[in-house]
Amino acid sequence: MSSLLADPAQEVQLIRNADDRAANYLRQIGYRRVFPSDESLAGLAAFDEALPEHGKDPAEGLALLDEKGSPATVATNDPRYFGFVIGAALPAAAAAERLMLSWDQSASLFLGSPVAAKIEKVAANWILEVLDLPRESAVGFGTSATACTLACIAAARRSILARHGWNIDDEGLIGAPEVEVVLCETAHITVKKALRILGFGMKRVHIVPADAYGRLDPSKLPALNDRTILCLQAGEVNTGEFDDFQQIIPRAKAAGAWVHVDGAFGLWARASSYAHLTSGIEQADSWTTDGHKWLNTPYDCAMSICRDPNALAGAMNSDAVYSSASPYAQKNLTLEFSRRARGIPVWAALRSLGKTGVAEMVERHCLLARQIAEGLTEAGYTVLNRVVINQVLARAADDEETKAVVKAAQESGEAWFGASIWNGKAAFRISVSSWRTHELHAERLITLMRAIRRLEVRIRP
Ligand SMILES: *Cc1c(COP(=O)(O)O)cnc(C)c1O
């Protein structure tokens, strides 16, 4: 029984212990290896324990978690992490999450958490303002862009079918008018996943070729109609490019199509002096974006934004006799029923940055990406994209050397970025998306890449 913390003082002591360990971890950021050493990875064997018959001391478990777990983390919360588009966690947002853990709210509806209902409403309004999207839109705070895209596309299909006199809630899909999906070949894999889960077979989805920059080629757009869902993209994962919303969306809208935009990270360009890249995006019907990427909230945090609040609220409604709420309660805007208040870290991030702080962070990242691209070019790499925002796509002399460079950088523990394939050739992607990353870190990355290339050239046959 002693391990069950019947004693409040013991509970507080354990939480303090966790906070001390968390603070220690934070203090090592910037000094630790970005990817764990082989020794740290081997240390994970300590977790190969049998499920205990009887409960063990939580403080001892916490020590194990910290002593063997912390060294085996990837330091994504480090200024030298350039992988995927993984932003770090802003202190304000991380601190809000810590407090929320003590609250332990089920933020489904007002009765579950008045404070969450209030703050998520404020956060929703702030999101629409900072991203300059139609102010009447509903904002659902979900776990990921994947889940939020799924919610938006479900809302799109339900609305389209309703317009054609078909009630999907009652009738399902068998015999329903066909809804066609059009998307670019460079659409993110999770958009395809959301479509697959919703029952849009990949063979029936109309895939539009990309132009040389990775954007949907408008000249290849098929005829659209009022049964089409067109998925566009703000921020392609390799190149960071944006579809030509100004040209494409009015065409789609004139045909009666529903336009959804995946802006998992790229939508944040709209909160900065790079907003011109998103011109016309406000004419879409729904948008997805992440908090846990460019806004630098902790995981899991994303948003479904839907111009017609009733479309999202209808598709996601989960009212029950024992749990009915306002149509716009978060449980009626997201896939989750029980849920944490993901809008609170968004609120905390936006409040601590302000509009100028968001713009400054986004603009700094874009500037650093340019600086890294220039440094890589000088070091003899080939930069493959135009570096329109915070993404740099590059390669070495050939596939073999490119892969070797990525491996060497990852193994160095000095930085981390991932491999990719562009136009059938090996490449690597560097994403600048951490609030912690400054010029000094960009310079260190360039220095590392220069050293690796020299070494590579020497060891090549
Ligand atoms: C990361 C990403 C997604 C998926 O977002 P999750 O929050 O990881 O589900 C979708 N689209 C793009 C362009 C992305 O970069």
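Arg-21 is buried, with a relative accessible area of 18%, a value that falls under the 20% cut-off used for that word. In this predicted model, the side chain of Arg-21 forms a salt bridge with Glu-67, and the closest N and O atoms of the two are 3.9 Å apart. The pair links distant parts of the chain, since Arg-21 belongs to helix H1 (residues 8-28) whereas Glu-67 belongs to helix H3, 46 residues apart. The partner has a different setting, for Glu-67 counts as exposed at 53% relative accessibility.

The chain is divided into domain 1 (8-73) and domain 2 (95-349), and the centres of these two domains, taken over C-alpha atoms, are separated by 36 Å. A nonpolar patch on the surface, of about 320 Å², is made by Leu-41, Leu-44, Phe-47 and Leu-65. Of these residues, Phe-47 is placed in the loop between helix H2 (38-42) and helix H3 (58-69), and at 33% relative accessibility Phe-47 counts as partly exposed.

From the surface the description can turn to the interior. The largest nonpolar core holds 54 residues, and within it Leu-230 and Trp-268 touch the most other members. Several elements each supply at least two residues of this core, namely helix H5 (114-130), strand S1 (138-142), strand S2 (180-184), strand S4 (228-233), helix H9 (245-254), strand S5 (258-262), S7 and H11. The largest share comes from H11, which gives 8 residues to this core. Apart from this core lies another, of 31 residues, which includes Val-191, Val-205, Ile-229 and Ala-311.

The surroundings of Trp-268 deserve a separate look. Not counting residues up to four places away in sequence, Trp-268 touches Ile-127, Val-130, Leu-131, Thr-289, Asp-290, Trp-294, Leu-295, Leu-350, Val-358 and Val-362. One of these contacts, Asp-290, also takes part in a salt bridge, in which its side chain meets that of Lys-293 at 3.6 Å, N to O. Both partners are buried, because Lys-293 has a relative accessible area of 17% and Asp-290 one of 1%, each under the 20% limit. Elsewhere, salt bridges that share partners join Asp-78, Arg-80, Glu-414 and Arg-444 into one network.

The structure holds 25 salt bridges, and a further one of them brings together the side chains of Lys-253 and Asp-285, at 2.6 Å from N to O. This pair, too, links distant parts of the chain, with Lys-253 in helix H9 and Asp-285 in the loop between S5 and S6, 32 residues apart. Lys-253 counts as partly exposed at 32% relative accessibility, whereas Asp-285 counts as buried at 10%.

The backbone also has some details that a reader may wish to find in the structure. In the loop between strand S6 (286-290) and strand S7 (302-306) lies Asp-300, which a cis peptide bond joins to Tyr-299, with omega at about -20°. The loop between S6 and S7 is also the place of Asn-296, a residue that has a positive phi of about 65° although it is not a glycine. Asn-296 is buried, with a relative accessible area of 0%. A positive phi is likewise found at Val-387, a residue other than glycine, where the angle is near 55°. Val-387 lies in the loop between strand S8 (382-383) and strand S9 (391-395), and at 4% relative accessibility Val-387 counts as buried.

A last stop is the loop between helix H10 (309-315) and helix H11 (343-378), where Pro-327 lies. Pro-327 counts as partly exposed because its relative accessibility is 43%, a value in between the 20% and 50% limits. Leaving aside neighbours within four places in sequence, Pro-327 is in contact with Ala-313, Asn-332 and Leu-333. Pro-327 and Met-316, which are 11 residues apart in sequence, are 9.4 Å apart in space when taken from C-alpha to C-alpha.

Conventions: Residues are numbered from 1 along each chain as its sequence is written. This is a predicted model: local features need pLDDT of at least 70, side-chain atom pairs count only at pLDDT 80 or more; totals for chains, interfaces and linings use all residues. Side-chain values use heavy atoms; hydrogens and water are left out. Helices (H or I, at least four residues) and strands (E, at least two) are DSSP runs, numbered from the N terminus. Buried means under 20% relative accessible area, exposed over 50%, partly exposed in between (1.4 Å probe, protein chains only). Contact means heavy atoms within 4.5 Å. Domain bounds come from an automatic or database domain assignment. A nonpolar core is a set of buried Ala, Val, Leu, Ile, Met, Phe, Trp, Tyr and Cys residues joined through side-chain atoms within 4.5 Å. Patches are made of residues with over 30% relative accessible area and no salt bridge: like charges are joined within 9 Å, nonpolar side chains (Val, Leu, Ile, Met, Phe, Trp, Tyr) within 5 Å. Accessible areas come from the Shrake-Rupley method with a 1.4 Å probe; for residues, only the protein chains shown count as cover. A salt bridge is a side-chain nitrogen of Lys or Arg within 4 Å of a carboxyl oxygen of Asp or Glu.
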